[in-house]
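Me: I'm new to reading protein structures and would love a close look at one small spot, then a walk outward from there. Here's the one I have open.

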Amino acid sequence: MKKGFFLLLLSLLIITPGCQQKKEVANEYNIVPLPNQMVPQEGRFQLSKTVKVIAAECTPEVIAVADSFISQIALTSGIKMQLLTQNDNAYSPAIIFHPESSIPDEGYKLVVTPENITISASQPNGFFYGVQTLYQLLPPVVYGDKLNKRANWSIPAVEIEDAPRFSYRGMMLDVCRNFSSVEYVKKFIDMLAMHKMNIFHWHLTDDQGWRIEIKKYPELTKTGANRKETLIDYYYTNYPQIFDGKPTGGYYTQEQIKEIIDYAASKYITVIPEIEMPGHALAAIASYPYLSCNPDSVYDVPGTWGIFEEVYCPKEETFAFLEGVIDEVAELFPSPYIHVGGDECYKTAWKSCEECQALIKKLGLKDDTTPNPVDGKLHTKEEKLQSYVITRMEKYINSKGKNIIGWDEILEGGLAPNATVMSWQGVEGGMNAAKQGHNAIMTPSPYMYLDYYQEDPETAPITIGGYVTLKMTYNYNPVADDADELVKKHIIGVQGNAWNEYMQTEERRDYQIFPKMTAIAETAWTEDANKDWNDYCSRLEEEFERLDILGVQACRNYFDVNVNTKVLNDTLMVILDCFNPNAEVRYTIDGSTPTPKSTLYTGPFALKNNINLKVAAFKDGKTIGNVRHKPLYGNLIAGKSFTTSHPIGWLKGDILGENDLIYGDSITMGLTNGKRGNNASYIPWSIYHMSDESQELIFTVKLDETATIHKIIFGSLYNPAFRILPVGSVKVETSTNGKEYTEITHETFTREYPEKGRKAYTDEVTFTPTEALYVKLTFHNGGTLRNGIDCRRDTPGEILQADLCIDEIEIY
């Protein structure tokens, strides 16, 4: 199948029923996810009241799918088609539901001619997916709840033979950090079904909230489902952290859970519950303190995020509690799986717990002295105790006729026999599990995490951090073509994860999840060889029309222009990227608002001077998104490589590489990329760790040629909660040979810090014009911080040297 083939637009003439006037119509196939085999044809099938829907020899489930289609068409078009359950092969025009046993499970065939439509499948879910494709071939208003007789109620002719790449196509929704209403959960399920996803992973328990009614343990929802307040701003913005003082809570009754399970089942979606263990248990421990290693303590459901030391104590009382919970969960959920979490379990409490240490001794667990052959790591006896917990609970869950799924930490200390691994810490966990013959689901951060920034943080609401564009998510391939056969066999699917720490409202959830979920759906359904980023983007414009009609408040960065810089052929270039392939990108460099007559962007251009860039996407002479404003700084070292006395830390600037992978430019590393840092997030900054032994960062750069310089400008960040203070002083030195340097100036800064939050400082140092080929800048850090007072106490010591976050360094 040739990429781009589905962009084919077939111009044709059709005669509108009831008149002889000819009208030109273009056939388009904006289907998401993309079918694996599709051949466009000429002509269109016209819906009308004369069309019969024939479901002969079909099961009641398939008849229900057909009837639902008839009802939706009647609701939105006013066209009322008759359902026939008897054979009438001679009737035309007709939409025929045709059972065909040779088609694989979940697969379908769809043949549309001007005379008839035939949907063939072997299973009810295959017919359901065929209908989802049919909906996407109709005008987007078919997804609404209002009558629209003006729409073109016809379907382009096509031949489709389709089946999914993976059997597990999932999305996870976290309802613990911020609760989601029953109505929103159903809307979420609707979106999964529309895109042929078949798994709803429901994250129901965590430190910040217990959301499922367990009748045996009523305190779980009386106490564990409620917290007194919630963190304001990003986790590391303030210390002490600031809270909103507003009580919040919520949980699902067992009747509501049954209702949601049934609703999902009607759309061929399996609901997998997640009951976290042994970590992420503070809501349960607050409800029943005896579950902890310190049962005499009083615990609160936390209103902040992160990982907590309070975890389940693996004693008999705890296992009895967990088994009681599983009894009710297993009864409620028909899913073949129960997800047990298993991630981010601190072992601090276990190390000092007499009962835990006695159990470790009884089980004969010891620290590894040689690396584990599976993952090459040394595991502690406490990590092996976690393996015991998971394995024991797996046996109990197996006794209920179900298997477990766990995050990839369940590999620690040995994998439970029948477990499926959900690989989130990159891809290694899933690959290791698959090589052992265990099934694995690929859900790696950052690709499949929907709580990261997906557009420039300066224009976006606060998220958990990171920077993962729609393009980066789309281009993730969970199983490489050259993977061995065992891996291909045991990687059973993919999943996107919507963690809700910073999705406080349903509107925010929509913004973070969509349209990225559609990219994940295409990865899950469409063979990698058939995927194409540009083709996907061409189909996405109509997808946004559907999302709008469904009331989904998606991120609309697709209609905006992303401003990037990158070194190409030794020159720092400005790259303007709009994902909408039908848009014209126009820009100005003087700060004026772009118009349809502004400069048309045709490709990357060199950043030679400071420019006040404004850019927007246009279609038919009108802006389709936001005007993006981004000053850029083309100075003497823009795009230049450099050396530093310290290695760069985990923040490395915001340059995007191939497929939008962050940190994609090893030359500028964010310091000489022409873009200054800001208050919005950490993404643009480069971080350098300071210590008692060294509080200075030395930055050295060579100019293209000897030049007269008179000024440097640099940015640094104030964020004591993150152990960061701005530059305290800077020394400027120059050289003509890179060996002997002359000090030009040394300036110390006195600053007024804000009472809370973080702040970006831009400092300018001027001096007598000086000839230079090499420039050396020595940045001294901003001083010290009081551990546990100015910042969270995560390391020993009372006084800590502040780290440096720098961006941008400019020389004029």
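Where is proline 33 found?

Reply: Proline 33 is found in the loop between β2 (22–27) and β3 (38–46). Before we wander off, a word on what you're looking at: this is a predicted model, where local features need pLDDT of at least 70 and side-chain atom pairs count only at pLDDT 80 or more, while totals for chains, interfaces and linings use all residues. Residues are numbered from 1 along each chain as its sequence is written, and side-chain values use heavy atoms, with hydrogens and water left out. As for names like β2, helices (H or I, at least four residues) and strands (E, at least two) are DSSP runs, numbered from the N terminus.

Back to your loop. The peptide bond leading from valine 32 into proline 33 is cis, and its omega is near 5°. Another cis bond joins phenylalanine 514 to proline 515, with omega about 5°. Proline 515 is in the loop between α14 (506–513) and α15.

Step from that loop into helix α15 (residues 516–525) and you'll find ten of its ten residues buried, so the helix is largely enclosed by the rest of the structure. (Buried means under 20% relative accessible area, exposed means over 50%, and partly exposed is in between, using a 1.4 Å probe and protein chains only.) Among those buried residues are Lys516, Glu522 and Trp525. Helix α2 (residues 124–137) tells a similar story: 14 of its 14 residues are buried, so α2 too is largely enclosed by the rest of the structure. From first C-alpha to last, α2 reaches 20 Å, close to the 20 Å expected at 1.5 Å a residue; that expected span is 1.5 Å times one less than the number of residues.

Backbone angles can surprise you elsewhere too. Asparagine 569 isn't a glycine, yet its phi is positive, at about 55°. You'll see asparagine 569 in the loop between β22 (562–568) and β23 (571–577), and it counts as exposed because its relative accessible area is 76%. Methionine 669 also has a positive phi, near 50°, but it counts as buried at 16% relative accessibility. Look for methionine 669 in the loop between β30 (643–644) and β31 (686–688).

Now for the charges. A salt bridge here is a side-chain nitrogen of Lys or Arg within 4 Å of a carboxyl oxygen of Asp or Glu, and the count comes to 33. In one of them, glutamate 316 meets arginine 392 at 2.8 Å, N to O. Glutamate 316 is in helix α7 (residues 316–332) and arginine 392 in helix α10 (residues 381–399), so to speak distant parts of the chain, 76 residues apart. Glutamate 316 is exposed at 51%, while arginine 392 is partly exposed at 21%. Lysine 400 and aspartate 327 form another salt bridge, with their closest N and O atoms 3.0 Å apart. Since lysine 400 lies in the loop between α10 and β18 (403–407) and aspartate 327 in helix α7, this pair ties together parts 73 residues apart in sequence.

For contrast, try arginine 546 and glutamate 543, which form a salt bridge at 2.7 Å. Both lie in helix α16 (residues 533–549), three residues apart, or about one turn of the helix. Arginine 546 is buried at 0%, and glutamate 543 is buried with a relative accessible area of 0%.

Last stop, the rings. Rings of Phe, Tyr and Trp (its six-membered ring) pair if their centres lie within 6.5 Å; planes under 30 degrees apart count as stacked, over 60 as edge-to-face and the rest as tilted. There are 45 such aromatic pairs. Tyrosine 558 and phenylalanine 559 make an edge-to-face one, 4.9 Å centre to centre with 90° between the planes. Tyrosine 558 is buried at 1%, and phenylalanine 559 is buried at 7%. Some rings gather in an aromatic cluster, whose members include Tyr234, Trp305 and Tyr682. Tyr682 has a charged visitor as well: the charged end of arginine 758 sits over its ring, 4.6 Å from the centre. (That label needs NZ of Lys or CZ of Arg within 6 Å of the ring centre and within 35 degrees of the ring normal.) Lysine 711 likewise lies over the face of tyrosine 812, at 5.1 Å from the ring centre.
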